[in-house]
Amino acid sequence: MPRPFRFGVNLLTAAPAEGWRAKCRRAEELGYDVILAPDHLGMPAPFPALVAAAEATERPRLGTFVLNAGFWNPTLLAREVATTDALTGGRLELGLGTGYVGSEHEAAGLPFGSPRERVDHLRRTVEELDRLLGSPDHQPRPVQKPRVPLLIGGNGERMMRLTAQHADIAAFTGARLAPGSTTGQLLPVRAAELEESVARYLRLAEGREEPAELNLLLQTVAVTDDREAAVRPLVERVPGATVEGALELPILLIGTVAEIVAQVLARRERYGFSYLTVLEPYMEAFAPVVAELSGR
């Protein structure tokens, strides 16, 4: 049996206290299962944002999507995780990645490092969090046992191996960093490439006792009767892209609500994605799909 759907929304824009709480309450009203906060400069600081989200809501889980491991000292991060899990009543889900925006590290005065160095640091972070938060002597203590659920997002063989070994949730972006980009410009990957990426992860995870939940970050949701017109602006920005190819991209959901529902079901059938995340600008547009598929 396929894993039931969960739907998350990644809230990207800062707001005054009541405005932030109102957004979180709206996400809960629309049926989202997880309220998420990113970890980029110029966006809300993730842990206080999630504590405020917890105060404004009752049901949704609350997650980082995803922390840039290079911003964090593992010992200090363990304190943040435990405190946030306690203050949110055990609703935290911890998302971790290597970080991919070199200019942010430069602005913060932090080393960016090579891809190998970033993966090494992420591995040390995961292992140190397990050690510290698994110790009965660590203070403060998280609420959840045996640990706060861990999501890891990233591409590449070493990242896949790390995810297979440690993550409760394996997150896929359906995109890759543009060559030479220091600002985080992403290029979408085709359906066949994403399918191979998921298959590679599943091969690495064959020995797990409990299969991980598979997550996909969606970049665009457009409810429309004219799919080709909706995707054409994207095609014009990507060299060599075609309308037909863009409509097949896994990270885009474009069509009527009924068509998008069918696309979501097809993504679970083909790839195993049962946990889908949308970006804040598409929270309202995707809500009818959440209502149709939540818990199915």
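Helices (H or I, at least four residues) and strands (E, at least two) are DSSP runs, numbered from the N terminus. The model is predicted, so that local features need pLDDT of at least 70 and side-chain atom pairs count only at pLDDT 80 or more, while totals for chains, interfaces and linings use all residues. Residues are numbered from 1 along each chain as its sequence is written, and side-chain values use heavy atoms, with hydrogens and water left out.

**Exercise 1. Locate histidine 40 and state which residues it is in contact with.**

Step 1. Histidine 40 belongs to the loop that runs between strand 2 (34-37) and helix 2 (46-56).

Step 2. Buried means under 20% relative accessible area, exposed over 50%, and partly exposed in between (1.4 Å probe, protein chains only). Histidine 40 has 18% relative accessibility and therefore counts as buried.

Step 3. Contact means heavy atoms within 4.5 Å. When neighbours within four places in sequence are left aside, histidine 40 is in contact with Asn68, Tyr100, Val101 and Glu104.

**Exercise 2. Describe the surroundings of strand 6 (residues 150-153).**

Step 1. In a regular strand the side chains alternate between the two faces of the sheet.

Step 2. Strand 6 is covered on both faces: Leu150 and Ile152 are buried on one side, and Leu151 and Gly153 are buried on the other.

Step 3. Two strands pair if DSSP finds at least two bridges between them. Strand 5 (residues 92-97) pairs with strand 6 in the parallel sense over 3 bridges; here leucine 94 has leucine 150 as its bridge partner.

Step 4. Strand 7 (residues 169-172) also pairs with strand 6 in the parallel sense, over 3 bridges, and alanine 170 in strand 7 stands opposite isoleucine 152.

Step 5. A right-handed β-α-β unit is made by strand 6, helix 6 and strand 7. A crossover is right-handed if, with the strands pointing away from the viewer, the path from the first strand over the helix to the second runs clockwise.

**Exercise 3. Place threonine 163 within this unit and list its contacts.**

Step 1. Threonine 163 lies in helix 6 and is buried, its relative accessible area being 4%.

Step 2. Not counting residues up to four places away in sequence, threonine 163 touches Ile152, Ala170, Tyr201 and Arg208.

**Exercise 4. Determine how helix 5 (residues 115-133) packs with helix 6 (residues 157-166).**

Step 1. Axes are lines fitted to C-alpha atoms, for helices over the stretch in contact, and angles run from 0 to 180 degrees between N-to-C directions. Helix 5 and helix 6 have axes 10 Å apart and pack at an angle of about 10 degrees.

Step 2. Helix 5 is therefore roughly parallel to helix 6. Angles under 35 degrees count as roughly parallel, over 145 as roughly antiparallel, 65 to 115 as roughly perpendicular and the rest as oblique.

Step 3. Among the residues making the contact are Arg116, Asp120 and Arg123 of helix 5 and Arg158, Met159 and Leu162 of helix 6.

**Exercise 5. Identify the buried residues of helix 11 (residues 283-293) and what covers them.**

Step 1. Met283, Phe286, Ala287, Val289, Val290 and Leu293 are buried in helix 11.

Step 2. An α-helix has 3.6 residues a turn, so residues three or four places apart point the same way.

Step 3. The cover over the buried residues of helix 11 includes strand 1 (6-10), helix 1 (17-29), strand 12 (252-255) and helix 10 (257-271).

Step 4. Glycine 295, just after helix 11, takes a positive phi of about 80 degrees.
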